[in-house]
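Grab the model, open a viewer, and work through a few exercises with it. Each one starts with a task and then goes through the solution step by step.

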Amino acid sequence: MTTTANSSGPFGGYDVHQTDSKAAQWQADKWMIGGTLLMGTGVLGVFGLPLFFYGLHLQHMAAKSGLSMRPLIVTLIGYLVIIDSSLNSLGWSMDLLANHSLINRVLTAGWGAVFDGGYFWHYNELMLGDTPIGGVGAPGEKAWEISLIIGCFAPRMAAAIGLLQMKRWGQQWLIVTCWMGVIVWLGYNLNMTFYADIRYSGVTFPVLGWWIYDIFYITPFLALPYLHTVNREIFSE
């Protein structure tokens, strides 16, 4: 691999190695960031997955050539958490703020008919006293939307970005938000169970569909063992 700096001097070789490593990591990250942004929209995920895998391939090849790259497990956890947070934040934000828009009516009604009847049953009929709120009709679901976007998914996304930058605060805050994610997983499963007669009735893929899209909710369970046992010295202040 071509170096990017003059290697003269006692630390020249180290400086060149660090410079080349950072450049290679950023080159891989550009592809993975683009893929993650597309996958975070849900609808364009099929186009984002190849981009992400190509970036992952670039990172693997750079590490194989001897450059100092970010650990693979950190890359996978960080980007998976960002995708998880983006999918939930975007979908729920549309339900909160754009529930009468054409794109939301098409996508959300389709989601409700295929996977989750809670987004089809009495949709856009929710009221707060005399004030129309719209969106999903189940009060419990609306409470989850507001609290988790602000209190969980936004902090998780910030922590994941810090983790990908190999910052210690990112690792520490991801531990906190992943434990929050465990609570979310348990609470949301109970919420789905209590409304099972509405949410699983008359949809194309009821319980099976829930487990298909529930795959992103397992990120806290995958990340916590690593985050608690990794050598914290690999992360910088």
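**Exercise 1: A strand residue and its contacts**

Pro132 sits in strand S2 (residues 131-132). Work out whether Pro132 is buried or exposed, and which residues Pro132 is in contact with beyond its sequence neighbours.

Before the steps, some ground rules: this is a predicted model, where local features need pLDDT of at least 70, side-chain atom pairs count only at pLDDT 80 or more, and totals for chains, interfaces and linings use all residues. Residues are numbered from 1 along each chain as its sequence is written, and side-chain values use heavy atoms, with hydrogens and water left out.

Step 1. Helices (H or I, at least four residues) and strands (E, at least two) are DSSP runs, numbered from the N terminus.

Step 2. Take the accessibility classes: buried is under 20% relative accessible area, exposed is over 50%, and partly exposed is in between (1.4 Å probe, protein chains only). Pro132 has a relative accessible area of 61%, so Pro132 is exposed.

Step 3. A contact means heavy atoms within 4.5 Å. Leaving aside neighbours within four places in sequence, Pro132 is in contact with Leu126 and Met127.

**Exercise 2: The whole chain**

How many helices and strands does the protein chain have, and what percentage of its residues count as buried?

Step 1. There are 9 helices and 2 strands in the protein chain.

Step 2. Reading from the N terminus, the order of elements is α-α-α-α-β-β-α-α-α-α-α.

Step 3. Of the 237 residues, 43% count as buried.

Step 4. Take the contacts with a separation of 6 or more: residues 24 or more positions apart account for 63% of them.

Step 5. Along the principal axes, the C-alpha atoms fill a box of roughly 75 × 35 × 35 Å.

**Exercise 3: Two helices that pack**

Describe how the axes of helix H5 (residues 139-164) and helix H6 (residues 168-194) cross.

Step 1. Two packed helices are described by the angle between their axes and the distance between the axes. Here axes are lines fitted to C-alpha atoms, for helices over the stretch in contact, and angles run from 0 to 180 degrees between N-to-C directions.

Step 2. The axes of H5 and H6 come within 8 Å and cross at roughly 155 degrees. That makes H5 roughly antiparallel to H6 (under 35 degrees is roughly parallel, over 145 roughly antiparallel, 65 to 115 roughly perpendicular, the rest oblique).

Step 3. The crossing of H5 and H6 is left-handed, a term for the near helix being turned anticlockwise from the far one by less than a right angle.

Step 4. Sort the residues of the contact of H5 with H6: 15 are nonpolar, 8 polar and 2 charged. In this scheme Ala, Val, Leu, Ile, Met, Phe, Trp, Tyr, Cys and Pro are nonpolar, Asp, Glu, Lys and Arg are charged, and the others, Gly among them, are polar.

Step 5. Now look at the loop between H5 and H6, where Met166 is found. Phi of Met166 is near 60 degrees, a positive value in a residue other than glycine. Met166 counts as buried, at 15% relative accessibility.

**Exercise 4: Aromatic pairs**

Classify the ring pairs Trp31 and Tyr54, and Trp144 and Tyr188.

Step 1. Rings of Phe, Tyr and Trp (its six-membered ring) pair if their centres lie within 6.5 Å; planes under 30 degrees apart are stacked, over 60 edge-to-face, and the rest tilted. By this rule the count is 9 aromatic pairs.

Step 2. The ring centres of Trp31 and Tyr54 are 4.7 Å apart with planes at 75 degrees, so this pair is edge-to-face. Trp31 is in helix H1 (residues 12-39) and Tyr54 in helix H2 (residues 45-64), 23 residues apart. Trp31 is partly exposed at 34%, and Tyr54 is partly exposed at 38%.

Step 3. Trp144 and Tyr188 are also edge-to-face, at 6.0 Å centre to centre and 75 degrees between the planes. This pair links H5 with H6 across 44 residues. Trp144 is buried at 19%, and Tyr188 is buried at 5%.

Step 4. Extend the picture: Trp92, Trp144, Phe153 and Tyr188 form one aromatic cluster.
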